[in-house]
Amino acid sequence: MKKKEIPVTGMSCAACALSVEKTLSNSPGVKSASVNYANHVALLEWEEEVVSLEKLQKEIQSTGYGLMIEDVLREDLEKMQLEAYQKLKKKTTYAGILALPVFLIGMFWMEMPYGNYIMWTLTTPVLLVMGRQFFIQAWKLAKNRQANMDTLVALSTGIAYIYSSFNTFFPEFLASKGLEVHVYFEAASVIIFFILLGKTLESGAKAGTGAALKKLMDLQPSDLIVLEEGKEIPKKTAEVRTGEVVLIKPGQKIPLDGKVLEGSSYVNESMLTGEPLPVLKEKDAKVFAGTINSTGSFTFVAEQIGSETFLAQIIQRVKSAQGSKAPIQKTVDKVAGIFVPVVLAIGLLTFFVWGFSGVQDSWLRGMLALITVWVIACPCALGLATPTAIMAAMGKGAEMGILIKDAESLEKGKSINTLILDKTGTITEGNPKVIGTNFSENWNEKDASAIKAIESKSEHPLAIAISDYFEKTIPENNLSEFRSETGKGVSAKSGEDTFHIGTSKWLSSLQVEMTGPLVKESSQALEEGAIVVFAAKNRELVAVFKIADPIKQTSIQAIQELKQMGINIHMLTGDQTKTASWVAKETGIEHFKAEMLPQDKASYLKALQSKGLHVAMAGDGINDSEALSLADLSIAMGKGTDIAMEVAEVTLVHSDLSQIPKTLHLTKKTVKIIRQNLFWAFIYNIIGIPIAAGILYPAFGFLLNPMIAGAAMALSSVSVVSNSLRLRK
């Protein structure tokens with residue numbers, strides 16, 4: 001089974017996308033096909049043994065569309081899209097230049113000598129050159145017994161043009177029957193112009209929805225320098241293979257993921273971590289594509305290339321999300337599928353009702369009403385309502401460091417009323433740090449230097465925490481007799497003094513007197529669930545270190561903001577009860593459970609769902625993956641495990657809880673925008689079609705001009721796309 005995104009050409013409306021989707025879905029060997037009109041891409045999953053892409057391409061071509069099955073570079077695809085946009089823009093400009101005099105003659109200078117011939121001369125290229133795509137596509141679809149927006153445009157303008165041409169060259173035919181000779185060249189030419197204008201504005205606006213994705217893609221440089229036998233060889237990033245050695249110079253962007261071999265430098269990783277301070281990269285340190293090198297130079301071995309890099313995975317998630325369909329969009333697609341045939345039927349019914357009405361020029365009026373109904377009902381706005389909002393939301397989310405897996409997640413986010421948080425790495429930083437110290441009266445800077453030196457020799461997380469605490473202290477260099485005792489602590493001599501650093505029980509066994517103010521201070525820390533490490537010099541207790549996993553600076557504020565939004569928060573952790581209780585108290589979380597196994601978290605979540613609650617889950621570890629998979633909306637921390645991110649529907653790149661309120665606000669705003677778009681798309685048709693059919697004529701004598709109908713149709717599409725782009729703000 002193979003899965004791939006394939007560009008689709010020739011689509012002009014939502015019904016086109018549905019037509020391509022149906023053709024692909026009904027082909028043997030195709031497991032699933034989803035075609036997005038907004039980005040003109042088909043997400044296809046098929047069995048290569050059963051059907052080939054070449055065969056699918058021929059099937060699509062037979063219906064009047066195209067599949068670009070060849071692998072196209074992003075730059076080439078962008079170039080093709082830009083060329084198509086420029087070509088469309090040019091056609092729209094020429095159509096406008098030619099349609100303007102036709103409009104003026106038809107509306108204000110109808111008695112102008114040879115006016116009909118001038119209008120025919122100017123309208124013919126508008127229809128047959130600038131608008132020929134509508135007629136070609138409509139004919140291809142007709143051969144396959146299908147219809148879409150092009151069918152409506154081709155029929156309406158074609159009928160108006162043929163009728164007007166006949167009256168221009170054979171005016172005596174209608175005159176002999178006592179009928180007034182009318183031409184509607186202005187309607188045909190201006191309709192084509194307005195529809196082309198609408199498509200041009202749509203094309204430009206839709207390009208804007210992909211701006212954030214393009215920014216992400218541009219983070220990875222296209223060129224780099226590879227070292228081969230000591231020589232610097234320039235290469236394209238796409239040509240590099242795993243295991244090759246890449247040279248990074250000051251100020252360069254890192255092109256791939258890998259591990260430092262030689263040299264050192266500070267690297268700005270803020271685009272991945274949100275941390276503004278550059279990170280020191282030395283031998284064996286991991287580096288990531290898209291991050292920016294500072295002043296130093298180093299070489300690294302490429303470990304993840306192409307689609308394997310962290311940046312590429314982010315880009316793929318955003319692309320997949322932008323191409324996905326929300327449940328509401330599937331309903332819209334079904335509506336669009338039956339919309340065109342229904343409108344064709346309404347138009348014909350309108351024509352015959354007018355024809356047999358008995359009013360003056362009834363069949364002529366019926367023809368105009370038919371043309372107007374078909375023009376105003378073009379379903380562009382309906383097709384753009386959901387996907388443009390989703391694309392804009394996904395792009396905005398990516399800019400904010402919020403990666404949303406699919407469109408369905410956006411709809412789910414709106415209804416969330418309960419949030420489960422993991423503790424370690426989600427609320428807290430996930431790294432033990434010294435959060436409190438107490439020293440004896442005899443403590444001095446020399447003792448700090450000795451303890452710094454001793455703990456620097458140990459790789460234990462608690463030793464690293466104490467060593468980091470004395471970050472600015474210069475370590476002693478005269479240590480001797482260093483010993484490490486697993487589960488107990490470490491000891492060493494610094495000059496004439498012997499230091500022991502470890503547990504209370506171990507120090508007691510070494511005849512260190514564990515009484516006095518320092519020991520009393522430590523009991524409060526133990527009550528809060530912190531880890532306490534004791535340090536003794538020559539069997540005298542000199543320091544107590546309170547070590548805990550610190551709460552992230554943004555967690556408390558984020559939790560308060562979520563509570564203000566009316567969301568109930570629960571904390572689940574595998575940590576001890578004392579620690580969980582302290583974290584819950586500090587952050588204001590009222591519901592928490594400690595010492596929970598992965599299956600316990602999943603059971604707790606299901607119990608909440610059984611009460612009718614809509615539950616989101618945020619976590620970062622493998623132990624959270626089961627609960628994440630069961631949640632109505634699953635959220636993973638970007639610094640967490642790959643499994644958690646794979647399961648989750650939303651990934652917070654910066655691992656910051658403050659992104660969750662932003663995510664929920666974004667989902668609510670997106671659904672609101674989609675509903676507004678659908679309202680405008682439907683309201684244009686609900687109001688426009690009856691007026692176009694002539695419902696106001698009996699009472700007010702008003703019959704909508706086909707030219708005005710074309711402008712209204714274009715305006716509906718532009719208003720929907722413009723409304724969606726508000727999400728980018």
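Is E429 buried, partly exposed or exposed? The points below answer this question and then consider other parts of the structure.

1. E429 is partly exposed, and its relative accessible area is 31%. Values under 20% count as buried and values over 50% as exposed, so E429 belongs to the class in between. The structure is a predicted model, and every value in this note is computed from that model.

2. The partner of E429 is K433, with which it forms a salt bridge; the closest N and O atoms are 2.9 Å apart. K433 has a relative accessibility of 39% and is likewise counted as partly exposed.

3. The chain as a whole has 729 residues, and 51% of them are buried. Its secondary structure consists of 28 helices and 26 strands. The accessible surface comes to about 33,700 Å², and carbon and sulfur atoms account for 57% of that area. If one takes the contacts between residues at least 6 apart in sequence, 68% join residues at least 24 apart.

4. A search of the whole structure gives 9 salt bridges. One of them joins E232 and K249, whose closest N and O atoms lie 3.6 Å from each other. This pair links distant parts of the chain, since 17 residues separate the two partners: E232 is in strand β6 (residues 231-236), while K249 is in the loop between β7 (245-248) and β8 (257-263). E232 is partly exposed at 44% relative accessible area, and K249 is partly exposed at 33%.

5. A salt bridge within a single helix is found between the side chains of K396 and E399, with an N to O distance of 3.9 Å. Both residues belong to helix α14 (residues 380-399) and are 3 residues apart, about one turn of the helix. K396 has a relative accessibility of 18%, which is under the 20% cut-off, and K396 therefore counts as buried. E399, at 39%, is partly exposed.

6. Salt bridges also form a network, which links E228, K235 and E244.

7. On the surface there is a nonpolar patch formed by Y114, Y117, F166, F169, F170 and F173, with a combined accessible area of about 660 Å². Y114 is located in the loop between α3 (74-108) and α4 (115-130). Its relative accessible area is 64%; this value is over 50%, so Y114 is classed as exposed.

8. How are α4 and α5 oriented to each other? Two packed helices are described by the angle between their axes and the distance between the axes. For α4 and helix α5 (residues 132-143), the angle is about 50° and the axes are 4 Å apart. An angle of about 50° is neither under 35 degrees nor within 65 to 115 degrees nor over 145 degrees, and the two helices are therefore oblique to each other. Where they meet, α4 contributes L127, L128, V129 and M130, and α5 contributes R132, Q133 and F135.

9. E269 offers a contrasting case of a glutamate in a loop. The residue lies between β9 (265-268) and α10 (270-273). With a relative accessible area of 7%, E269 is buried. The C-alpha atoms of E269 and N293 are 8.9 Å apart, although 24 residues separate them along the chain.

Technical notes
Residues are numbered from 1 along each chain as its sequence is written. This is a predicted model: local features need pLDDT of at least 70, side-chain atom pairs count only at pLDDT 80 or more; totals for chains, interfaces and linings use all residues. Side-chain values use heavy atoms; hydrogens and water are left out. A salt bridge is a side-chain nitrogen of Lys or Arg within 4 Å of a carboxyl oxygen of Asp or Glu. Buried means under 20% relative accessible area, exposed over 50%, partly exposed in between (1.4 Å probe, protein chains only). Patches are made of residues with over 30% relative accessible area and no salt bridge: like charges are joined within 9 Å, nonpolar side chains (Val, Leu, Ile, Met, Phe, Trp, Tyr) within 5 Å. Accessible areas come from the Shrake-Rupley method with a 1.4 Å probe; for residues, only the protein chains shown count as cover. Axes are lines fitted to C-alpha atoms, for helices over the stretch in contact, and angles run from 0 to 180 degrees between N-to-C directions. Contact means heavy atoms within 4.5 Å.
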